[in-house]
Amino acid sequence: MIEKWYVGVDLGGTTIKMAFISDYGDLIKKWEIPTDISEKGKNITTDIAKSIDSVLEELGEKKSRLNGIGMGAPGFIDLSRGFIYHAVNIGWVNFPLKERLEMETGLPVVVDNDANLAAVGEMWRGAGDGAKDLLCITLGTGVGGGIVSNGKILHGTNGMAGEIGHITAIPEGGAPCNCGKTGCIETIASATGICRLAREGLEKYPDSILQKEQEKEDGITSKDVFDAADKKDELALYVLELVGYHLGFMIANLGNAINPGKIVFGGGVSKAGDKILQPVKQNFDKFALPRVKEGAEFAIASLGNDAGVYGGAWMAKKLHEETIL
Ligand code: ZN
């Protein structure tokens, strides 16, 4: 029997990443196209469909090779209908993504939130290493998350499960967050949060080497903070300790609820490695139940920007398996 492939699609504000991935999770072909956000993103599904056809042709393959498409999109999604309520960076408002893409490609489509797809991608082929209970935390410009429980993405009653970036860390007087609340963990543990904490600490640490970084055109970056921590700068160390405390505390509480086998960290901030993970782990160990602590292994995401397309293919595979049963 001919081996079937799945299409993983990861939609971002500037590029659409796509891949053909086999039943076994082998990457057959990976490519990307620019995201056309003109006319409220109305050309995006056609662009994807055309691009799939042209890559199939390039590979000398027919569409019958493909069993379906799994697509990750940013924004608020009605998962059962694959309907996007609002995707700010793309321009979609009340956009029937699943319906349009199925019509344009003739293939079954499953749509999910991009952070959730990254989590299952890591579970399937990345640092999750097959762990069926997994917590994935993306520390980037914001803080994203995905929770996989017993091999399934946790969606919740209206798709909001896994929005761990907006768990409250500072109940009173916290910094404002993009979601409209204040004091979310995103305001502390994201790259933006780290820079803010460093800036706010400048007054208390007049000797910090970050003083002169502040004078640069782009101000203090999270990389500056990590570099300064390497040089044992007191302000930088204080910031990382604070981030580690809040993140470790939050993950321990989540851990007590979901008892994960793996806790996977992705995103730009996670590239700082042990500098950030060490204080997180210390606080996790302090606040998690002993058996929760024993069961949980910390890991750095290994698929990088490919996690979304792997996750998309995995979702398409699951959809196909459910349909043929
Ligand atoms: Zn928030």
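The following legends describe several close-up views of one predicted model.

The model is predicted, so local features need pLDDT of at least 70 and side-chain atom pairs count only at pLDDT 80 or more, while totals for chains, interfaces and linings use all residues. Residues are numbered from 1 along each chain as its sequence is written, and side-chain values use heavy atoms, with hydrogens and water left out.

**View 1. The zinc ion and its donors.** The zinc ion is coordinated by His 166 through ND1 and by Cys 177, Cys 179 and Cys 184 through SG, at 2.0 to 2.3 Å. Donors are N, O and S atoms within 2.8 Å of the metal (3.2 Å for Na, K and Ca); water is not among the atoms, so sites may look incomplete. The angles subtended by the 4 donor atoms are 104 to 119°, which makes the arrangement tetrahedral. Four donors count as tetrahedral if all angles lie between 85 and 135 degrees. Along the chain, the donors follow the spacing H-x10-C-x1-C-x4-C. His 166 and Cys 177 both lie in the loop between β11 (152–153) and α4 (186–189), so the pair ties together parts that are 11 residues apart in sequence. Helices (H or I, at least four residues) and strands (E, at least two) are DSSP runs, numbered from the N terminus. His 166 is partly exposed, with a relative accessible area of 23%, whereas Cys 177 counts as buried at 11%. Buried means under 20% relative accessible area, exposed over 50%, and partly exposed in between (1.4 Å probe, protein chains only).

**View 2. The open sheet and helix α8.** The sheet has 5 strands in the order β11-β10-β9-β12-β13, and its pairing is mixed. Strands β11 and β13 stand at the edges with a single partner strand each, so one side of each is left without a neighbour in the sheet. Strands β12 and β13 run parallel and are joined by 4 bridges; Ile 263 has Phe 298 in β13 as its bridge partner. Two strands pair if DSSP finds at least two bridges between them. Helix α8 packs on the sheet, where it touches β9, β10 (143–149) and β12, and its direction makes about 155° with that of β9. Axes are lines fitted to C-alpha atoms, for helices over the stretch in contact, and angles run from 0 to 180 degrees between N-to-C directions.

**View 3. The hairpin of β2 and β3.** Strand β2 (residues 15–22) pairs with strand β3 (residues 27–34) in the antiparallel sense over 7 bridges. Within this pair, Ile 21 stands opposite Leu 27 in β3. The hairpin has 4 residues between its strands, and Gly 25 in the turn has a positive phi of about 85°.

**View 4. Helix α9 and its surroundings.** Helix α9 (residues 274–287) has 14 residues and reaches 19 Å from its first C-alpha to its last, close to the 20 Å expected at 1.5 Å a residue. The expected span is 1.5 Å times one less than the number of residues in the helix. Buried residues of α9 are Ile 276, Leu 277, Pro 279, Val 280, Asn 283 and Phe 284. Their cover includes α7 (222–230), α8 (234–258), β12 (262–266), α10 (290–295) and β13 (297–300). Contact means heavy atoms within 4.5 Å.

**View 5. Helix α7 and the loop that follows.** In α7, the buried residues are Ser 222, Asp 224, Val 225, Phe 226, Ala 228 and Ala 229, and they pack against α5, α6, α8 and α9. Lys 232 lies in the loop between α7 and α8, and its phi is near 60°, a positive value in a residue other than glycine. Most residues other than glycine have a negative phi. Lys 232 counts as exposed at 62% relative accessibility.

**View 6. Asp 129 in its loop.** Asp 129 is found in the loop between α3 (114–125) and β9 (134–139). Its phi is near 50°, again a positive value in a residue other than glycine. At 63% relative accessibility, Asp 129 counts as exposed.

**View 7. Asn 116 in helix α3.** Asn 116 counts as buried, at 3% relative accessibility. Not counting residues up to four places away in sequence, Asn 116 touches Gly 145, Gly 146, Ile 153 and His 155.

Methods:
Four donors count as tetrahedral if all angles lie between 85 and 135 degrees; four count as square planar and six as octahedral if opposite donors are over 155 degrees apart and all others between 65 and 115; anything else is irregular.
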